[in-house]
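You asked for a reading of this structure that a newcomer could follow with the sequence and the model side by side. My comments are set out below as separate points.

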Amino acid sequence: MPVLDWIGKQAVCSHHLQVACRSLKRDDRHSVDNPQAQPGEGLDENMLVQADNLLALKALLPHFAGRVKCVYIDPPYNTGRGDWIYNDAVDSPPMRVWLRELAGSKADEMSRHDKWLCMMYPRLELLKELLHPEEGLIFVSVDDTEAAHLRLVMDEVFGAANWLATLTRRAMHTVRNSSRDFNANTDYVVAFARNKAWFGAERARYLRVPADKTSAYPHDDQDGKGAYKLDPLHARNYYRPYQHVFGNGMCWSAPPGTYPRYAVETLRRMEADGGISFNGRRPRAKRYLSQVQAGRPPDTLLSPKDVGFNKDGTVLLREMLGGGAFPQPKPLKLIQYLLSMVRDPEAIVLDSFAGSGTTGHAVLAMNHADGGQRRFILVEVEPDIARQVTARRLELAIRGYTPTTNGSAAVAGLGGSFGYYTLAE
C-alpha cells in the first residue's frame, strides 16, 4: 500500500498516545436542559464540548471508546486563507506553538500541507478508537486542496480495505466568473467504515439511504401480500435454456438473445404460490415490495436535491442567528443524508470540528421526524463560536425561533437538550 510521508510524521504518529487524559466538567450556564426529561447519568446526554478537539477526544475516550456509530467532520480545507472566522491556513498561534513543541526546529521547514497532516493524524487516530468496531462510519468533508493527502492518510489510519467511497458534491450553485480556468464548484466527502467487511456480510447491513419505492409497485391483488410490480422471467445472464409448460398449459421460453432467470423448480414454486402473472402475452414474475430491501444504495455523485448547496446552510444560519454568524456552514440536508445511512435510531454521532453546529441540528431534526433517540457529541475549539454560534443555534433549534427574514413564520422547536462542557483544570 502506498504510504504518505511528510515533515513531522514521525513525531505525530504516536502523539495521540501521549496526550494527557483530562476530565470534562458541565457548565450549566450554557446548557439547555429539558425539564420533562429524567436526568442522565454521567455523560449520558447530548454534548457540546468547548475545547481543543485533540484534548477533547482524549477526554471522551474513556467514556465512548467503541460506542460512536457515526463521525462527521468538516476540518479546515487548508486553502491558505487567514481572513475568516476559522484560520484556514492551519497557522493559528496555538497551532504554531503545538507544532514547535512537536517537531522542534523542523517546524520551520513545514509547508502548510505538512502542518495540516500533523494536525489531522492524531485526531483521526482518536476518532478511530471512538468508532464502533463493526458499525462505525466516518465521513470527512474536504476539497481538492487536501483530498489526495486525506485519502492516503485515512488509508493508513483506518486501512485501505475500509474505504467506502469518495462522494462528490456540487457545493456552489453559482459560477465564479473570476476563475482563471475551471469553475471549482465541488467538494468531497471521503467515507470509510471501521470494518467494511461487516457491512458486506449480510444484505440487511448494506449501506442504504431512504427511498420511497411505492410508485414502482403499482399492483395489489388484495391477498395480503401487498403491492408488487411485474418483472420478466428472462435476463441476459446466461442460464441453461429450456422450455417450460405452466400448470395452465401456457408454454414459455426465453426470447432470443436472453436466458431464463429462474430454475424450473423455482418457477413451479412461484406459480404454486401465486407469484406468476398470466395477464398479457407473456407470463411475468410478481416482485413484492415487502420482499425488497428498504432504501437504495447511496450515489457517489450527490444530488443537490438530496444534500443542498452551501447557500442553503448560509440562509438557514442567517435566519436563525442573523447575518455574518459563520461563513459557509454545511447544509443541514447534507448531514441528514449522511446520517440516514446509519441504521441505529439510538446512534451516537460525533463531530469534532463542530463550527456552527449543523451536525447537532441534523440529529435533533432526525429525532423529531422519526422518534429516534440519537445523541450528538460536538467539539468546538473557539470559545466565542461555541457559546455565541454553536450553543445558540442548538438552543434555537430545540426551543424554536422566529426567522430574521421579514414576514417569515415562526419555526417550531425540535425538542431535546444538551450539556455544555469544558475541560477540567
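The points that follow take up the strands, then the helices, and finally the cysteines.

1. A word on the source comes before anything else: this is a predicted model, and the comments below should be read with that in mind.

2. I would begin with strand 2, which covers residues 47-50 and whose side chains are buried in both directions, with M47 and V49 pointing one way and L48 and Q50 the other. Strand 2 has parallel pairing with strand 16 over four bridges, and it also pairs in the parallel sense with strand 19 (residues 419-423), again over four bridges. Q50 is a useful residue to locate here, since its bridge partner in strand 16 is E380, while in strand 19 it stands opposite T422.

3. From strand 16, which runs over residues 375-380, one can move on to strand 15, as the two pair in the parallel sense over four bridges. D351 of strand 15 has L378 as its bridge partner in strand 16. Strand 15 in turn pairs with strand 3 (residues 68-73), in the parallel sense and over three bridges, and here V68 is matched with I348.

4. The covering of strand 15 deserves a separate comment. This strand spans residues 348-351 and is covered on both faces, with I348 and L350 buried on one side and V349 and D351 buried on the other. D351 is therefore under 20% in relative accessible area, the limit for a residue to be called buried.

5. A further sheet should be described on its own terms: it is open, has three strands in the order 7-13-12, and its pairing is antiparallel. Its edge strands are strand 7 (228-232) and strand 12 (276-277), each of which pairs on one side only. As background, the strands of a sheet pair through backbone hydrogen bonds, in either a parallel or an antiparallel sense.

6. Within this open sheet, strand 7 and strand 13 (residues 284-288) are joined by five bridges in the antiparallel sense. Two of the partnerships can be followed residue by residue: K229 is matched with R287, and L230 is matched with K286. On the other side, strand 12 and strand 13 pair in the antiparallel sense over two bridges, with A285 as the bridge partner of I276. Strands 12 and 13 form a hairpin with six residues between them, and in its turn G280 has a positive phi of about 120°.

7. Turning to the helices, helix 5 takes in residues 112-130, and its 19 residues reach 28 Å from the first C-alpha to the last, close to the expected 27 Å. Helix 5 is mostly covered, in that 16 of its 19 residues are buried.

8. Helix 13, at residues 383-399, has 17 residues and reaches 22 Å between its first and last C-alpha, close to the 24 Å expected. A reader tracing helix 13 should notice a bend of about 30° at A391, a residue that is itself among the buried ones, along with others including V389, T390, R393, L394 and A397. Just after the helix, G400 takes a positive phi of about 95°.

9. Which residue does the side chain of H361 meet in a polar contact of 3.1 Å? The partner is R393, side chain to side chain, and R393 is one of the buried residues of helix 13. H361 itself lies in helix 12 (residues 358-370), and it counts as buried because its relative accessible area is 6%, which is under the 20% limit. Beyond its neighbours in sequence, H361 is in contact with L316, M320, L332, R393, L394, A397 and L414, of which R393, L394 and A397 are buried residues of helix 13.

10. Finally, the cysteines: the count of disulfides comes to zero. C21 is partly exposed because its relative accessibility is 46%, and C251 is likewise partly exposed, with a relative accessible area of 46%; the class applies between 20% and 50%. C251 lies in strand 10 (residues 251-253) and touches Q243, H244 and V245, once residues up to four places away in sequence are set aside. C251 and Y288 are 37 residues apart in sequence, and their C-alpha atoms are 24 Å apart in space.

Technical notes. Residues numbered from 1 in each chain as written. Predicted model: local features only at pLDDT ≥ 70, side-chain atom pairs only at ≥ 80, totals over all residues. Heavy atoms only, no water. Buried < 20%, exposed > 50% of the residue type's maximum accessible area, 1.4 Å probe, protein only. Polar contact = N/O pair within 3.5 Å; in protein donor to acceptor, adjacent residues only side chain to side chain. Contact = heavy atoms within 4.5 Å. Expected span 1.5 Å × (residues − 1). Bend = angle between axes of the 7 residues up to and from the residue. Disulfide = S-S within 2.5 Å. Pairing = 2+ DSSP bridges.
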